[in-house]
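Could you walk me through this structure, one selection at a time? I have it open in a viewer and would like to know where to click next.

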Amino acid sequence: MPGPLQISGSVSVPEAELHWRFSRSSGPGGQGVNTTDSRVELSFDLAATDSLDPFFRARALERLAPRLVNGVITIAASEFRSQLRNREAAEMRLAQILREAIAPPPKKRRPTKPSRGAVERRITAKKQRSDLKRLRRGDH
């Protein structure tokens, strides 16, 4: 967990750029829930970071725009009772979000049309079905 957050093979975020906040989790949890700060908020200032290539940073800012508040993305994790496991979950979620945000866009779909044989098979099947229903009616 200590050290830079690895996003992909060549991209990582230094630990100094990750800001942590801890608070009490809501919901059930037994006696320890009222005393332990197990809820974790991980913030990363995407707009001001120097750890990402400017091209990647621009792409991530554009794709994550709805999730950002003043250029900062915040991940909250409170699904585990342990602060350590919530920290790991928040780091994994941030890494996944950033990995998807800097990924290259999918290739454009090249439109195709059905082959002549496929069209003929479809039309033949429709005619057979039509004939079958016509024969069932009785007024052939």
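The tour below starts with a helix and then moves on to charged and aromatic side chains. Keep in mind that this is a predicted model.

**Stop one: helix α2**

Begin by selecting residues 83-102, which make up helix α2. How far apart are its end C-alpha atoms? They are 29 Å apart, and this agrees with the 28 Å that 20 residues should span at 1.5 Å a residue.

Just at the start of α2, show the side chain of Ser 82. One of its side-chain oxygens comes to within 3.2 Å of the backbone nitrogen of Leu 84.

Now colour the buried residues of α2, among them Asn 86, Arg 87, Ala 89, Ala 90 and Glu 91. Further along the helix, Leu 94, Ala 95, Ile 97, Leu 98, Ala 101 and Ile 102 are buried too.

What covers these buried residues? Select the strands β1 (5-6), β2 (12-13), β3 (18-23), β4 (39-45) and β5 (72-77), and add helix α1 (54-63): the cover of α2 includes each of these.

**Stop two: Trp 20 and its neighbours**

Stay with Arg 87, one of the buried residues of α2, and bring up Trp 20 as well. The charged end of Arg 87 sits over the ring of Trp 20, at 4.4 Å from the ring's centre. Trp 20 itself counts as partly exposed, because its relative accessibility is 21% and buried means under 20%.

The whole structure holds two aromatic pairs. In one of them, Trp 20 and Phe 22 are stacked, with 6.4 Å from centre to centre and 0 degrees between the planes. Phe 22 is partly exposed, with a relative accessible area of 32%.

For the other pair, select Phe 55 and Phe 56. Are these rings stacked or tilted? They are tilted, with 50 degrees between the planes and 6.1 Å between the centres. Phe 56 is partly exposed at 24% relative accessible area.

**Stop three: salt bridges in helix α3**

Next, look for charged pairs; a search of the whole structure finds five salt bridges. Select helix α3, residues 116-137, and show Arg 116 and Glu 120, whose side chains meet in a salt bridge at 3.6 Å, N to O. Why are they about one helical turn apart? They are four residues apart in α3, which means a separation of about one turn. An α-helix has 3.6 residues a turn, so residues three or four places apart point the same way. Arg 116 is exposed, with a relative accessible area of 68%, whereas Glu 120 is partly exposed at 43%.

Move along α3 to Asp 131 and Arg 134, which lie three residues apart, about one turn of the helix. They too form a salt bridge, and their closest N and O atoms are 3.4 Å apart. Asp 131 counts as partly exposed at 35% relative accessibility, and Arg 134 is partly exposed with a relative accessible area of 33%.

**Last stop: a network of charges**

Finish by selecting Arg 21, Arg 39 and Glu 41, which salt bridges with shared partners join into one network. Zoom in on Arg 39 and Glu 41: the closest N and O atoms of their salt bridge are 2.9 Å apart. Is Glu 41 buried or exposed? Glu 41 counts as buried at 17% relative accessibility, whereas Arg 39, at 24%, counts as partly exposed.

Conventions. Residues numbered from 1 in each chain as written. Predicted model: local features only at pLDDT ≥ 70, side-chain atom pairs only at ≥ 80, totals over all residues. Heavy atoms only, no water. Helix = DSSP H or I, 4+ residues; strand = E, 2+ residues; numbered from the N terminus. Expected span 1.5 Å × (residues − 1). Buried < 20%, exposed > 50% of the residue type's maximum accessible area, 1.4 Å probe, protein only. Contact = heavy atoms within 4.5 Å. Polar contact = N/O pair within 3.5 Å; in protein donor to acceptor, adjacent residues only side chain to side chain. Salt bridge = Lys/Arg side-chain N within 4 Å of Asp/Glu carboxyl O. Phe/Tyr/Trp six-rings, centres within 6.5 Å; stacked < 30°, edge-to-face > 60°. Lys NZ or Arg CZ within 6 Å of the ring centre and 35° of its normal.
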